[in-house]
Every structure is written in structure tokens, then in C-alpha cells.
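Here are a few exercises to try with the sequence and the 3D view open. Have a go at each task before you read its solution.

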Amino acid sequence: SAQRPTIKMSVSPNKVKAKSTLKVSAKGPFGQNGLPTTLQMTLQKGFSSSAKSVTKLCDTNAVAPVGPSGCPSASQIGTGTADTSGSGAPGALALTMYLGKKQQSTDIASVVLSEVTTTSVEVNGIGHLFKNSSGQIEIQFSTLPLGGTPVNLDSIKFNAHAVNGKNSLIKNPKTCPKSKHWKGTFTLGFTGGNVTKNTKLACTK
């Protein structure tokens with residue numbers, strides 16, 4: 001059988017009602033050439049998210065596609081790395097995430113993903129954080145700043161967390177089901193197709 005990617009999502013602490021850190025890791029092979037162009041994540045109904053989890057929101061209108069994001073450090077919600085290989089400029093890409101002002105009225109907030117490439121160029125993409133029609137918390141990037149060089153994705157991982165008083169970027173559901181896990185989904189879109197996984201996030205009462 002063909003090798004499949006290993007995709008994991010978890011929250012820490014994983015107790016009910018906790019203000020938690022979301023941890024995501026995806027390790028290839030993804031069976032796709034190039035870097036992902038889109039990203040989508042969901043957390044099951046019961047999770048909540050607040051734009052007030054940071055003391056200052058990034059002004060998304062001022063974020064340029066290339067160059068420093070200009071987002072204030074008070075708006076930072078996460079960091080991560082993407083490992084790449086290939087004939088371009090392979091290596092580790094440094095990722096930083098910020099919470100920004102919402103661009104659509106239905107959003108909770110925007111998420112700014114800033115990436116420093118192996119050649120020290122900074123590129124930025126803006127995604128949406130919202131509650132979808134199923135009541136799930138969803139993060140969606142219809143375009144990713146990744147790319148531009150002929151390299152393939154080997155792995156990507158990041159943590160997201162922000163708490164400001166009673167407001168949290170990620171707040172766990174009030175109940176932990178008998179299965180002892182909450183549900184999520186993680187999808188990376190490549191020009192050649194999507195890689196998607198239904199994930200389980202362990203939970204405790």
C-alpha cells in the first residue's frame with residue numbers, strides 16, 4: 001500500500017472547558033508535487049474562539065504580500081515550521097501567525113500567516129477564522145504564502161494559542177464524549193489535488 005501522510009491535531013490541556021493550545025503536525029509523504037496552495041482546518045461543534053483573545057488585532061489592510069507583515073507582537077497567536085526539499089531553495093520555512101481584523105462580517109477574525117523563506121524573504125497570506133454552518137470553528141486559507149520555488153513539502157507543524165482574561169483563541173467544548181476524543185479535520189490543497197484527514201483530539205473531563 002502507498003505510504004500515507006501522518007496528520008495529528010491535539011489540544012493542551014485537553015480538559016473540558018479549558019483555554020487550550022492547538023497543536024497540528026502533518027508529515028509526508030503527501031504524494032503531491034510542490035507546496036500546498038490552500039489550507040483548511042475544522043474543530044467540532046462545542047469549541048469556541050474569540051477575537052478578544054489578543055490585546056491588539058493586526059490591521060489586515062496594511063499587510064503586504066511580500067515583506068514584514070507589520071503585525072504587532074500583541075497580535076501573535078502561533079509559530080511553526082514547514083520543512084521542504086527539492087531542486088529550488090529547500091530547507092525549513094519559519095511560520096508566524098497573527099490574529100487580524102475580520103475581512104468578512106461572518107468572520108470571528110482574520111489569521112495572518114507570515115513565512116520567512118530559506119532565502120530570508122518574508123511572505124504573507126491572510127485566512128479566515130469563522131464558525132461554519134455546522135457550528136464548527138474553521139480556519140481557511142484560500143491562498144497560502146508558501147510557494148514560489150520548486151520545492152516539495154515534507155512536513156508542517158504549528159501551535160496556536162492566545163488568552164486574554166476570560167477570552168481564548170481556542171476554548172474546549174463543555175463535554176468529552178464516551179469515545180474520549182473530539183473531532184477535527186485538516187486539509188492541504190495542492191495544485192494536483194487535496195490531502196485530507198479526519199482527526200481525533202484526545203479529551204478528558
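First, a yardstick: a residue is buried under 20% relative accessible area, exposed over 50%, and partly exposed in between (1.4 Å probe, protein chains only). This is a predicted model, where local features need pLDDT of at least 70, side-chain atom pairs count only at pLDDT 80 or more, and totals for chains, interfaces and linings use all residues. Residues are numbered from 1 along each chain as its sequence is written, and side-chain values use heavy atoms, with hydrogens and water left out.

**Exercise 1.** Find Lys-171 and work out its exposure class.

*Solution.* Start with the place: Lys-171 sits in the loop between β11 (167-168) and β12 (181-190). Strands here are DSSP runs (E, at least two residues), numbered from the N terminus. Next, take its relative accessible area of 31%, which means that Lys-171 is partly exposed.

**Exercise 2.** Do the same for Leu-22.

*Solution.* Look in strand β2 (residues 21-27), where Leu-22 lies. Its relative accessibility is 3%, so Leu-22 is buried. Now zoom out: buried residues account for 45% of the 205 residues in the protein chain.

**Exercise 3.** Count the helices and strands in the protein chain.

*Solution.* Go through the chain element by element: you should get zero helices and 13 strands. For helices, the rule is a DSSP run of H or I with at least four residues.

**Exercise 4.** How far apart are Leu-22 and Phe-141, in sequence and in space?

*Solution.* Along the sequence, they are 119 residues apart. Then go C-alpha to C-alpha in space, and you get 17 Å.
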